[in-house]
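User: Could you walk me through how to read an interface between two domains of one chain?
Analyst: Happy to; let's bring up the structure and begin.

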Amino acid sequence: MLKKLIILFTVLGGLAAGGLVTLLLVLFVARAWWSTPFEVGPFGGSPEQPIEYPHTIHAGSGVLLLSDGSPKLDGDGNELHGLGLDCTFCHRNVDKGESAGVPPVEQCIYCHKVINSDEDLPEVALLIKAWENKSPVVWERIHRLPDHVRFVHEAHIRYFTEPGNTMPSGEQAIVAANVCAVCHGDVGNMEEVKQVRSLKMGDCVDCHRDNGAPTDCTTCHY
Amino acid sequence: MATETINHKWGMVIDIDRCTGCQACVVACQAENNIPLNTEDRFRQRRAIEWIRVERYWEGEFPNIKARFIPILCQHCENAPCEPVCPVYATYHNNQGMNVQVYNRCVGTRYCANNCSYQVRFFNFWEPVWPESLKNQLNPDVTVRSRGIMEKCTFNIQRLRKAERVIEGQRGERITDENLKEGNFLPACVQACPTDTLIFGDWNDPSSKISNLKEKHFVDGGRGYKLLGDLGTQPNVIYLKKVDINAEHKVDAHA
Amino acid sequence: MGITRRQFLKWSGVSAMGAVVFNGCTTPEQELQVESPVNMPEDLVNGIDNWYATICRQEPEACGIIVRVVEGRAKKIEGNPDYPINRGKHSVRSEAGVQALYHPDRLSGPIYRDSRNDEFREISLEEAHNLVLNKLNVLNSEGQNDRALLITQPLRGHLAAIASEFSSGFGGRHMAFEALDKVALRKSLGRVFGQSRLPKFDIEHSTYLISFGADFLSSWVSPTNHSRAYGEFRQGHAQRGVHVQVDPRFSMSAANADEWLPVKPGSEGILAMSMIYVIIKDGLGDVAAADNLTGGQGHQALEIFSNNSAGVIEATGIDGARIEKIAHDFANSHHPLAIGGGSAGASANGSFNLDAIYSLNVLVNNLNKEGGVIFNPSPPISVLDNDSVSGAGMPSSYQDWKNISQPRVVMIRGANPIHGLPSSAGFSNILDNSEFIISYSSFMDETAEKADLIIPESNYLEDWGDDVPEPGPGYQVIGIQQPVVGRFHQGTVNFGDELIYYSRFLGLALDANLGLTEGSGFKELVEGSIRELWSKNSGSVRSSDFDAFRQGVLQRGGWWDVESGAKIEEMSSNLLDTSWPDVSFVGTGEYNLIPFLSNSLGDGNLAHLPWLQAAPDPLTSVVWNTWVEINSKKAEELDIIQGDILTVESPAGSLEAPAYIHPGVPPWVISMPIGQGHVSFGRYAENVGVNTISLLSEVEDKGSGSLAWAANKVSISKTGRHIDISKFEGNVPAFEVDEQRIIKIAPPESHDHKEHH
C-alpha cells in the first residue's frame, strides 16, 4: 500500500514538475516571440528625437512639403528642394569602419554657425544650445542589431561599389552613398526616418546568398 | 581588389620548451575577449573562465623535481567531440579550421563541455557584471556572453575577420605571418607571449612559420606532438615538447 | 488568443519566477540610444580604433606599450614592437594597466580632512594648493626646510630631475622607496663592474646561464626583457642554452631551469666562491682576471672555499663533484653568464654573495661581449643621467628608512611604505608624528590613509612623461610617454606639474635649472627632451623637420641609437673578499622563510587589479590569497593537508595563511608570496590574504644596509582551521584513465585529416 502511495506521489510529482517546466518553456518562447529581436521596430517605429532633424531638407533632393502636404515655397514663390547632401557628408565613417557613425555636434555647427543660426527655428536653436553647453545630443536609435551581431558597413559598401557587382536593384553603385538605400531605404525622402527592412537574420542571409557572400555563422556572430 | 579569399585554416604551434608559465597569455585573453572577472568564489566553485590556461605538472620529487608548463586552449579539433553532441548546432567546425561557438544559438545544455577532451569550454553560470567604470575597457568587437551561454577560445576571430577585411579586402594582398603581426591581428595571447611560445598562422600557407615548424618537428626524433593525440580529435593546435637535457643524458648512459 | 504585448509583460511580471527566468531578455535603455559627441578630433572616429605608443608605468621595468583606443577609451595594452626593451611583448602586469585607469575605486579629485580622525571631504585643487604651500611656507619661515620629506618610487626621466631639483631647491629630503630594496644589488654591480648604471644581461645570446636566487623570469629587474630573451635562448639559436638556477626556493625561474640547485639560504655566495675556486684551480678562466680577483695569489687564496671542503658542502648542501661539474660547464661554455639577486642579496651576507656571483662574469671575461654582461651608456640628455648604482639615483635602503629623522611635512608619490616596509622600520610612527602628510596616490592605500591631504595623480595613460629604461638594452634609449586618452577624472593632476607649480610659488630655481620658461610645464619639459634628441640627428628617428621628428618619436614610443654602446670604464681593484662569510639568521624557528615577489601583483602595488588577483600563480595556481608553501614530505610528517590554516611565527610577528603542499620547496624552507594583505587599496585588494612583509625582522645586509628579507627563521603551527584554497589547479577535473585496448596507433603525419577518410 505504502509502496503504491509512493509511486503515486512520484508520478504526480513528476507530472507537476514536467508541467511546470513546460509552462516555463512556453512562457520563454512566447516572451521571445513578442520581444525580440528588436525593441524598436522592425517596421514603422519613428521614436521622438531630441532634435527633429529633417533628413528631407539635408539629404533629400525632392520638393519639400509642408505638414499639410503642400509644397514649401521660398520668398519668391519657388518650390524649395532638399539640399541633396551625400549620406557620407555627415555619416563619414560609413566607408571606413564598422559603424556609420552619427556626426558630432561640431560638424552640424560648421554649417549652422552661418545657416539659419539667427532665424527663429526651434530645432536649430536646440542644436546651438547643445553646442554652447558642450552637451552631446542623445539620439534615439532606429536601426539596431543585437549585441551578438557584427555588421561592418565598410565591407558592404566596398562590395557594392566594386566594378562588376550590382546592387539588388540591378544598378551599379558608383559612390558609397548609392549603397545606403539598399538597407535603409530612401532616407532622404523620409519625413521621419524609419526602418524599412526587417534586418532579421533571414534578411541578411538571403542577401548574402544572392551575392555569394559567406554564410558561415562566424561571418557575423563572434 | 580581390573579393574571393584564400581558404585559410588557422592553427597554432605551442613550443613548450619556450614556455615559462608567466600567465601573460591568460590575462591578455581576458582583456581582449570581455571575459567576466574571475572572483575568488568562481575559482572555489571551479567555474573560473580562462579560454587559455597554463597547466603545471610536477615531475619527480625533491630535490630532482621539475615543473612543466603547458598552455592549453581550445584545440580547434578537426574531429571535435563537442560538435556532434550539441542539440542546436551552436557549435560546429567552420571552413577555416576553427571550432566555433555561436552564442545566439546556444541554449546552455553544456553537453559540449562534458564531451570536450581538453576541458576548454566554459559555461556562464552568472550574468557577467563589471563595475560601471570598468565597462569602459570592454572590447566593442566581442559579444558579451550572458548567463547560460557556453564560451570558448575563438582564436580572436574578431581580429582575423578584420585582417581579412583590411589585408585582403581593402589592400588586396595575401595574409601572411608578417602582415598579421604588423596590423595587430594576431590573437591577443600570441601577441603577448614574451617568449614566443605561442605561434599562430595559416596551415594552408606553406610559407607560414607554423607550417614550417610542423614539417620540421613531425619527423622521427622531432619534438612535435598533439595533445591527447590518440583520441583522434585531429587538433589544429600542435605542441612541441620540452627538451630535457637530463633525460637525454640518461638515454646516453643506457646506450 | 489576443494577448497584447503589454498584457503579456504584465502577466510575466506578476510571478516572481517570471522575473528570474526572463531577467536579461530586455534591452538596456542605453543600447537604444546613440550619442552625438560635441567635438570630434581628427583621429577620433566612431568605430575606428587607434593604437598609440606610450610607456607602461605599472612596474619599474617600464616597457614600451601600444594602447588600443576606441572612441576615447583605452581598450587593450600590447607591447610596442619597436621598443628595444620588450620588443612587442608585455607582461601580465602591464596588460592590466587599463584596469587601473578605469578602476571603480580611483580617487577623482583632491580630498582633505582637518584632523586625522575626520572623514575626508572633497576640496578644490586651488584649496589643495594653498594647503600645501602654506605648510611649506611655514617650514621655510621657521628655517626648518630640512624637515620636509619627499617620498617617491625610484624615479627616472624628467620626473626624477624635477623631484631632485625641488627637494634640493627647497632644502628638503628626497627618498626613493623600493619595497624589498635592491640597494645591495645596485651597490654590488657598481663595485664589481665599476659602472654607474645597471648593465644588460644578454640572456638571449648566452649559452650557459647560471642564476643565483634571481627570479629573472618573474619579478627580478627586467622580467619582460628577460623572458623575451629566454625564448630565444631556448629555441632561437642552433645551440640551446643551458640554464642552471641556484635558488633556496623553487621559484618560477627554478621551475624552468635545466638544473636546480636547492642551496641553503644565504650560501649562494659560498657556492659562487667555490665555483671561482674550481675555475681558477683548473686554469679555465681568464688568467689576468683571476690574478686581479685574488691579488695574484691564485686559488690558494680561496682554499677555504674548495668545492670538496666540508665547510662548503655543509653550508650549501651541494656536493663537491656537482659544484665542480657546474664550474667546468660554466667556464667552458662559449657565452657563460652569471646573474644573482633576489634572496641571494637579501641575507645578512648579501653583498658578499652578490660580489662573488658577479665576479664569476669577470673571471670568464664576458664583459661587454655577446651573451655576457653588456654595459649601458649614459643617456643622450645629461639632465636625465640618474646614477642609480653608485650615486644620487640610488633608492633608499632599509637602513635609511630606519634612521630617518622625524619630518614635519611629508609628500608621498607612487609609494606605499606602510605596506612595503616591515614594522621594525618604524615608519608608521614617523608618519603619525608628522604635522602634515600629502599623498598623490590615485587610490586610498595604507599610506594614503594616513594623509591629511590627497591630491590624486592622473593615470599614466592620461599623461606625459619620459623614461630612461633601467637597465637599458646596451645602447641609449629615451622612452616617451604620451597621453593616449583624456583624463577620466578631471580632478586629477600631473605630479611633475605640481612640483613645478610649488617651485614657482616658493621661488625655487627649478625653472632656471631645467630650462623651463614661464607658463610651461611638465609637458614642455618632455617636448624639450624631444627637441634635444632632434638636434643630435642620430638614432632611430631622424628628420630635418622638428615636427616630423616629434611625430616619429611619438609614433615609435621613443628614440634610441643602437650605435651608442658603452665602454668598459676603468675598473678599480676587483679584489675578492676571501674571508668566510657570516651566514646568520634571525629567529629560532625550524624553517627559513623565503618570501618572494608575486608574479602578478609585484610588491603589492598591483594588488588592486582584479585581472592580476585572478591570474594564477605559475607554480601553485593560487589566486586571490596568500599561501604558505611547505614541502609535501614535511607536510605529511606534520599531518598538514592543503588548505590547513597555519600560523607562521617570526620574531617580528605572526600570520595565518593556508598551506599549499608543494613538492618543490625544500623541507627546510617555508616560502610565501608578497603583495597581498592590504587593509585599504580598493575593493579588489582589501582583506585579501596577509602581508608577508610583516613577518620580516630587523635584519639587514651588512654590506649595504638593504633589508635582509631572506634571513628570517620561522616556526609553523596548525590552527586547526581549514579552508578550500582558491586556486586554478583542479579547476579542470583530473581523472585516472583506465588502461584501454589500443585500437589503432596513428602516426604523427596523420595530422592531415584527409587521410582519415
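User: How many residue pairs are in polar contact between domain 1 of chain C and domain 2 of chain C?
Analyst: A polar contact is a pair of N or O atoms within 3.5 Å; within protein, one must be able to donate a hydrogen and the other to accept it, and residues adjacent in sequence count only if both atoms are side-chain atoms. Here the count is six residue pairs, both residues at pLDDT 80 or more. This is a predicted model, where local features need pLDDT of at least 70, side-chain atom pairs count only at pLDDT 80 or more, and totals for chains, interfaces and linings use all residues. Side-chain values use heavy atoms, leaving out hydrogens and water, residues are numbered from 1 along each chain as its sequence is written, and chains are lettered from A.

User: Where do the two domains of chain C lie in the sequence?
Analyst: Bounds come from an automatic or database domain assignment. For chain C, that gives 200-374 as domain 1 and 591-722 as domain 2.

User: Which residues form a salt bridge across this interface?
Analyst: The rule asks for a side-chain nitrogen of Lys or Arg within 4 Å of a carboxyl oxygen of Asp or Glu. It finds one between the domains: Arg249(C) with Glu629(C), whose closest N and O atoms are 3.8 Å apart.

User: How much area do the domains bury between them?
Analyst: Buried area is the accessible area (1.4 Å probe) that two parts lose on being put together, summed over both. These domains bury about 1700 Å², with 65% of it on carbon and sulfur atoms. On the domain 1 side, Arg249(C), Ala346(C) and Ala348(C) lose the most area, together 32% of what that side buries.
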